[in-house]
Amino acid sequence: MPDTATVTTPPEAGGARVRRRPALSPSRASDFKQCPLLYRFRAVDRLPEVPTRAQLRGTLVHAVLERLFALPAAERLAPRAKELIEPTWSELSAGSPEWTDLFAGEDPEETGKWLQSAEKLLDSYFGLEDPRRLEPEACELHVEIELGSGVLLRGYIDRVDVAPTGEIRVVDYKTGAAPREIGEAKALFQMKFYAVVLWRLRGVVPRQLKLMYLTDGQSLAYTPDEAELVRFERTLEAIWQAILKAGRTGDFRPNPGRLCSWCDHQAHCPEFGGTPPEYPGWPEPDAGEETPLDRAD
């Protein structure tokens, strides 16, 4: 079967989300690689997780940068970006009021300091590039493609730059504080996922995958080739087949490791004496959706 591809916004009809077939996203694929049981908790059981302030700050900075690039090039200055912080947070928190629970009962001055901490990440961003010299093709691009094997890939790309000569650059902002060796491996997995999607969508291998680490003002550039993406595509297909196999039986096994101490679900994990909820069956409509918090790491 030939590849089919679409670039879409999340489908809605009459204000209600349309039922979609399960798909694989970079975050959920990474979850399954890290720990199949974590994948189940997030994608199948959909257990609630309390976001951290670092995650919320990352979500905020991503949103500010998206709005920054919507401005005329001459206005894309650091002071203007910082002016966007408070109105952007007001908009985001109004859409997710549970996020403000992290600040409940807190002195407004402390909340103000937290908002100011986002300014440091923006300063770091402006130290890495001058957005006045860039005209991205897209920011926060929702992409979706069905591979020839039938695997449906879905995700959001922070930014896509296309040179006048046609070369494609995929840019991802990183604001989280994960251990660097683990974080970079996860980030490169995510970027190769996007490279496969864009390659299959456009028939062009991205020239560069660029990670921008805003905590320390560092960047990492990677150049994939077609043979590598073919191999990675097969890896994604194998991950999806393993997910489907586990989904038929509910046999999502824990895989204890260094990241267990970061997990919100220890109370339900057998490795910590917990009991998982009764298996609800394979999720409908979709196990592949990513949240803004997923994309803020």
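Let's start with D31. D31 counts as buried, because its relative accessibility is 2%, and the cut-off for buried is under 20%. Keep in mind that this is a predicted model.

Where does D31 sit? It is found in helix α1, which spans residues 26-34. Now its surroundings. Set aside the neighbours within four places in sequence, and D31 is in contact with P36, L38, Y39 and R42.

Next, R76. Is R76 buried or exposed? Buried: its relative accessible area is 2%, so R76 falls under the 20% cut-off.

R76 is not placed in a helix or a strand. Its place is the loop between α3, residues 53-69, and α4, residues 78-83.

What does the side chain of R76 reach? The backbone oxygen of L71, at 3.0 Å. L71 also appears in the contact list for R76. That list leaves out residues up to four places away in sequence. On it are L68, F69, L71, F126, P131, R132, L134 and E135.

Now the whole protein. There are eight helices and eight strands. The protein has 297 residues, and buried residues make up 45% of them. D31 is one of the buried residues. R76 is another.

On to contacts across the sequence. Take those between residues at least 6 apart. Of these, 73% join residues at least 24 apart.

Last, the surface. The accessible surface comes to about 14500 Å². Carbon and sulfur atoms account for 51% of that.

To recap the two residues: D31 is in helix α1, and R76 is in the loop between α3 and α4. Each has a value of 2%.

Note on methods:
Residues numbered from 1 in each chain as written. Predicted model: local features only at pLDDT ≥ 70, side-chain atom pairs only at ≥ 80, totals over all residues. Heavy atoms only, no water. Helix = DSSP H or I, 4+ residues; strand = E, 2+ residues; numbered from the N terminus. Buried < 20%, exposed > 50% of the residue type's maximum accessible area, 1.4 Å probe, protein only. Contact = heavy atoms within 4.5 Å. Areas by Shrake-Rupley, 256 points an atom, 1.4 Å probe, with all protein chains shown as cover. Polar contact = N/O pair within 3.5 Å; in protein donor to acceptor, adjacent residues only side chain to side chain.
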